[in-house]
Amino acid sequence: MGNLSQKIDKFIEIFIDNNGYVKVVEGLKNTLLIAVLGLMIGIVIGTLIATVRVIPKYKRLPKVLNAICSFYVALFRGTPMVVQLLVVYFVLLPILGIHFTSIQVSILVFGLNSGAYISEIMRGGIMSVDPGQMEGGRAVGLSFGTAMRKIVIPQAVKNILPTMGNEFITLIKETSVVSFVGAADLYVAFNYIGSSSYEFMVPYLVMAMIYIVLVLIISIGIKLMERSLGKSDRRH
C-alpha cells in the first residue's frame, strides 16, 4: 500500500509540479482533433463511395468508378492503420515533395481509413431504406443524385447512427498509434510522465481511465441523439 502511495505521489509531482498536465492537455486536444476531423473526412468520403457503389451500373463510367472505389476500400481495410501512417509520412509525402506536420498526416490518414469503413456502413444504411423512397423521389421529377441526397441518405444516417458512434470510438482509441510519426497524443503525454518518474503503472492507469471516460461520453451522446431522432420520427 505504501509503495502504491509513493507511486501516486510521484505521478502527482510530475503531473503538477513539472507541468506534466500541459502535455496531457495537449495530447487530449490532439487525440480529439485527429478523431473528430478524421471522422468528418471519413463521412464525406464514405458517403461519396457508398453513393457510387449503389448507382445502377448501366454505363461505363459508373462501372469504372465502382472499381476504383472497391480498390480503395480493399486497400484501406486490408492494411493496418499504423502501416498507412508510416507509408504516407515516410514514403509518399517525401516522394511527392509535400510537407505536412505529423498531426496533419494523422488527420489525413485517419480520414482516408475511416472513409473506407464508413462507406460500407453507409452502403448498408442506404440499402436498408425502402426502395420505394427512391422511386417516389424519381416519380416527382428528382434526379438520382438529388433523391439520394434529400431522401435516402438522411434516412440511412438515422439507421446507421449507432454504428457511426462505434466508428468514432474506434478512431479515438486508435489515435494511440500516431506516436509512430511523432504526433503528441495522450499516449505520448503519459509516456513522458512515466519516463520522467521511471514509474509507468499510475500514468498508464490514468490514461486508460481517460479513454474510458471519453468512450462513455460518446456512447451517452449517441444514445441521446438516437432518442431525439426517435421522438422526431414519432411526431411525424
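Contact here means heavy atoms within 4.5 Å. The model is predicted.

**Exercise 1. Place Ser102 and list what it touches beyond its sequence neighbours.**

Step 1. Ser102 belongs to helix H5.
Step 2. The relative accessibility of Ser102 is 14%. The cut-off for buried is under 20%, so Ser102 counts as buried.
Step 3. With neighbours within four places in sequence set aside, the contacts of Ser102 are Tyr89, Val181, Gly182 and Ala183.
Step 4. Of these contacts, Tyr89 can be classed as well: at 24% relative accessibility it is partly exposed.

**Exercise 2. Determine how the buried residues of helix H3 are arranged around its axis, and what covers them.**

Step 1. Helix H3 covers residues 60-78, 19 residues in total. From first to last C-alpha it reaches 27 Å, close to the 27 Å expected at 1.5 Å a residue.
Step 2. The buried residues of H3 are Pro62, Cys69, Tyr72, Val73 and Phe76.
Step 3. Viewed down the axis of H3, these buried residues fall within an arc of 95°, so they line one face of the helix.
Step 4. The background is that an α-helix has 3.6 residues a turn, so residues three or four places apart point the same way.
Step 5. Arg60, Ile68, Phe71 and Gly78 are exposed on the other side of H3.
Step 6. The cover over the buried residues of H3 includes helix H2 (20-54), helix H4 (81-96) and helix H5 (102-128).

**Exercise 3. Classify the ring pairs Tyr72 with Phe76 and Tyr89 with Phe90.**

Step 1. The structure has 4 aromatic pairs.
Step 2. For Tyr72 and Phe76, the ring centres are 4.8 Å apart and the planes meet at 40°, so this pair is tilted. Both residues are buried, and being 4 residues apart in helix H3 they are separated by about one helical turn.
Step 3. For Tyr89 and Phe90, the ring centres are 4.9 Å apart with planes at 85°, so this pair is edge-to-face. Phe90, at 48% relative accessibility, counts as partly exposed.
Step 4. Elsewhere, ring pairs join Tyr187, Phe200 and Tyr204 into a cluster.

**Exercise 4. Compare the spread of the protein with the globule rule.**

Step 1. The secondary structure consists of 9 helices and 0 strands.
Step 2. The radius of gyration is 22 Å, well over the 18 Å that the globule rule gives for 236 residues, so the protein is more spread out than a compact globule.
Step 3. The C-alpha trace spans about 75 × 50 × 25 Å along its principal axes.
Step 4. As to burial, 38% of the 236 residues count as buried.
Step 5. Among contacts between residues at least 6 apart in sequence, 75% join residues at least 24 apart.

Note on methods:
Residues are numbered from 1 along each chain as its sequence is written. This is a predicted model: local features need pLDDT of at least 70, side-chain atom pairs count only at pLDDT 80 or more; totals for chains, interfaces and linings use all residues. Side-chain values use heavy atoms; hydrogens and water are left out. Helices (H or I, at least four residues) and strands (E, at least two) are DSSP runs, numbered from the N terminus. The expected span of a helix is 1.5 Å times one less than its number of residues. Buried means under 20% relative accessible area, exposed over 50%, partly exposed in between (1.4 Å probe, protein chains only). The arc is that of the directions from the helix axis to the C-beta atoms. The radius of gyration is taken over C-alpha atoms; the globule rule is 2.2 Å times the number of residues to the power 0.38. Rings of Phe, Tyr and Trp (its six-membered ring) pair if their centres lie within 6.5 Å; planes under 30 degrees apart count as stacked, over 60 as edge-to-face and the rest as tilted.
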